[in-house]
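Me: Please take a close look at one part of this protein for me. I would like to know how its interior is put together, and what surrounds it.

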Amino acid sequence: MASRIFRPSHILAVALVAGAGFWILSGQVGSPAGETAPAAPAGPAAPAPVPVQKVSVATATPEQHNRSVILSCFTQSDRRSIAVARTGGVIIDLRVRRGSRVSSGDIVAVLSDEGRSSAVAQAAALVDQRQAEYDSNKRLIDRGDQPRNNLPALEAGVAAAKAALAAAEAEAEKSNIRSPVAGIVDTVPVEVGSAIQPGTEIATIVGPDPMLAVGAVSERQRGLLQTGQAAKVRFIDGATFDGTVSFVSLSAEKATRTYRVEARIANPLAKIADGVTCEMAVTLAPMEAAAVPRSALVFSDRGELGVRVADEKNLARFVPISIVDDERDSVWVTGIDKPMRVIVVGQDFVKDGDPVEAVSAAEAATGMEPPA
C-alpha cells in the first residue's frame with residue numbers, strides 16, 4: 001500500500017503543485033522593505049542656449065540732410081519759331097543767314113510785289129474820291145439843298161473805301177516776311193529767287209534766353225517737385241548753371257509713365273546751346289535722416305524694409321525705415337530717431353532677440369579686435 005503512495009510520478013506532481021502555489025503567493029505579497037518605488041518619468045529637456053553671433057556694426061546718426069532729385073535732361077529753347085510766307089511770290093531780298101541775330105518784327109525776307117502796291121494805290125485813290133464826295137454833299141446838306149437822309153450813305157461809302165485801303169495795305173505787307181520772335185536764325189532753307197507759296201518756311205529762329213533744361217521724373221519723385229525750386233544744371237564739360245523749376249507736368253507720358261519737368265536757365269550770351277545733354281539736380285527742403293550702407297537693408301518676415309541693429313543689451317532688433325534719398329554707396333532713411341549701431345555684416349544670420357557680439361565695421365576691416 002505504501003509503495004503505491006510514494007511512487008515517483010506522484011512525488012513529481014506534488015512538487016509541481018507546491019512550486020506553482022509558492023509562485024502565486026509570492027506575487028500577492030508586498031515589495032520588500034528595502035525596494036524603492038519606480039522613478040517618475042523625466043520632464044522635457046531644457047532648450048539649448050542660442051550661440052552668440054559675431055556681427056559688424058556701423059553707427060547711424062540722424063542729422064539734417066539736404067535732399068535733391070537728380071534728373072537726366074537735355075536743353076531746349078523756350079522760344080523757337082518759324083518765319084513763314086503768308087502769300088505767294090518770288091524772294092527778291094533775303095536779309096538773314098544762319099547765325100544772324102534778329103529782333104521780334106525784323107524783316108528776314110522780301111517777296112516780289114505781284115501788283116500789291118498798285119492795289120494799295122487804287123484803294124487810296126478810291127478813299128480820296130469817297131471823301132471828296134462826302135465833303136461836297138455834306139455842305140449841301142448843311143445848307144438844306146439836299147435831304148439829310150443822304151448823309152449815312154455818304155459816310156458808308158467813305159468807310160468802305162478806307163476798309164478796302166486797309167485790306168490792300170495788309171496784303172502788300174505780306175511781301176515782308178518778319179521774325180516772330182527775337183533770337184538767332186538757326187536754319188534758312190530758301191534762297192533769293194526761290195518761288196514760294198503761302199506757308200513756305202523761310203527761316204527758323206531760336207530764342208536762346210532763357211534756355212530750358214528738360215527732364216522726367218517717376219511717380220514717386222513727382223510729389224517732391226514744385227515750381228520755384230532751385231535747380232543746378234551740370235553739363236558734360238563740367239560747367240554748371242543755376243536755374244529754377246518752371247514746370248512740372250500733371251500728365252504722365254503713356255510709354256514711360258514719367259512726368260516732364262522743366263527748369264528755366266538765364267542764357268543772355270547764348271553760351272548754352274539747344275539740344276545739349278545735361279544733368280539737373282533739384283534742391284529739396286532739408287529733413288532729418290540717417291545715412292546707412294546700402295548693403296545693410298533687409299526685409300522683415302512681413303515684407304517691411306528696414307535694418308537690423310544691435311541694441312544696448314547686445315540683442316539683434318529689426319527697425320523699419322523709409323528711404324528718402326539715394327546715393328552711390330549709401331541711402332538716407334527715416335525711422336532711425338537716435339544714434340544706433342546698424343548691423344552691416346551678419347544681419348542675415350540673426351533674428352530679433354538673438355544675442356550678438358558687435359564689432360565696429362572699421363575694426364573688422366582692419367582685422368583689429370574691439371577694445372575690452
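Reply: What follows starts with the nonpolar interior and then moves outward.

This is a predicted model. The protein has 372 residues, and 32% of them are buried. It holds 6 helices and 22 strands. Take the contacts between residues at least 6 apart in sequence: 72% of these join residues at least 24 apart.

Start with the largest nonpolar core. It has 22 residues. Ala213, Leu225 and Met280 touch the most other members. Several strands feed this core with at least two residues each: β3 (68-84), β10 (201-217), β11 (230-235), β12 (240-248), β13 (259-265) and β14 (277-283). The top contributor is β13, with 4 residues.

Met280 is a good place to look around. Set aside its neighbours within four places in sequence. Among its contacts are then Val69, Ile70, Leu71 and Cys73. Met280 also meets Ala213 and Gly215. Ala231, Lys232 and Val233 are on its contact list too. So are Val261 and Ala263.

There is a second core, separate from this one. It has 16 residues, including Val102, Val108, Ile177 and Ile202.

Ile177 gives a view into that second core. Ile177 sits in strand β7, residues 176-178. Is Ile177 buried or exposed? Its relative accessible area is 2%, so Ile177 is buried. Leave out residues up to four places away in sequence, and Ile177 touches Ala83, Val84 and Ala85, among others. Its contacts also include Asp106, Ile107, Val108, Ala109 and Leu111. Ile196 and Ile202 are on the list as well. Look at the pair Ile177 and Ala83. They are 94 residues apart in sequence. Yet their C-alpha atoms are 6.9 Å apart in space.

Now the helices. Helix α3 covers residues 116-143, and helix α4 covers residues 151-173. The two pack at an angle of about 165 degrees, with axes 8 Å apart. Angles over 145 degrees count as roughly antiparallel, so α3 is roughly antiparallel to α4. Their crossing is left-handed. What kinds of residues make the contact of α3 with α4? They divide into 16 nonpolar, 3 polar and 8 charged.

Some backbone details deserve a check on screen. Most residues other than glycine have a negative phi, and most peptide bonds are trans. The following three spots depart from that pattern.

Begin with the peptide bond between Asp209 and Pro210. This bond is cis, with omega about 0 degrees. Pro210 is found in strand β10. That strand also supplies at least two residues of the largest core.

Next is Glu114. Its phi is near 55 degrees, a positive value in a residue other than glycine. Glu114 lies in the loop between β6 (107-111) and α3. Its relative accessible area is 53%, so Glu114 counts as exposed.

Last is Ala270. Phi here is near 60 degrees, again positive in a residue other than glycine. Ala270 is in the loop between β13 and β14. Both of these strands supply at least two residues of the largest core. Ala270 itself counts as partly exposed, because its relative accessibility is 27%.

Terms used: Residues are numbered from 1 along each chain as its sequence is written. This is a predicted model: local features need pLDDT of at least 70, side-chain atom pairs count only at pLDDT 80 or more; totals for chains, interfaces and linings use all residues. Side-chain values use heavy atoms; hydrogens and water are left out. A nonpolar core is a set of buried Ala, Val, Leu, Ile, Met, Phe, Trp, Tyr and Cys residues joined through side-chain atoms within 4.5 Å. Buried means under 20% relative accessible area, exposed over 50%, partly exposed in between (1.4 Å probe, protein chains only). Contact means heavy atoms within 4.5 Å. Axes are lines fitted to C-alpha atoms, for helices over the stretch in contact, and angles run from 0 to 180 degrees between N-to-C directions. Angles under 35 degrees count as roughly parallel, over 145 as roughly antiparallel, 65 to 115 as roughly perpendicular and the rest as oblique. A crossing is left-handed if the near helix is turned anticlockwise from the far one by less than a right angle, and right-handed if clockwise. Ala, Val, Leu, Ile, Met, Phe, Trp, Tyr, Cys and Pro count as nonpolar, Asp, Glu, Lys and Arg as charged, and the others, Gly among them, as polar.
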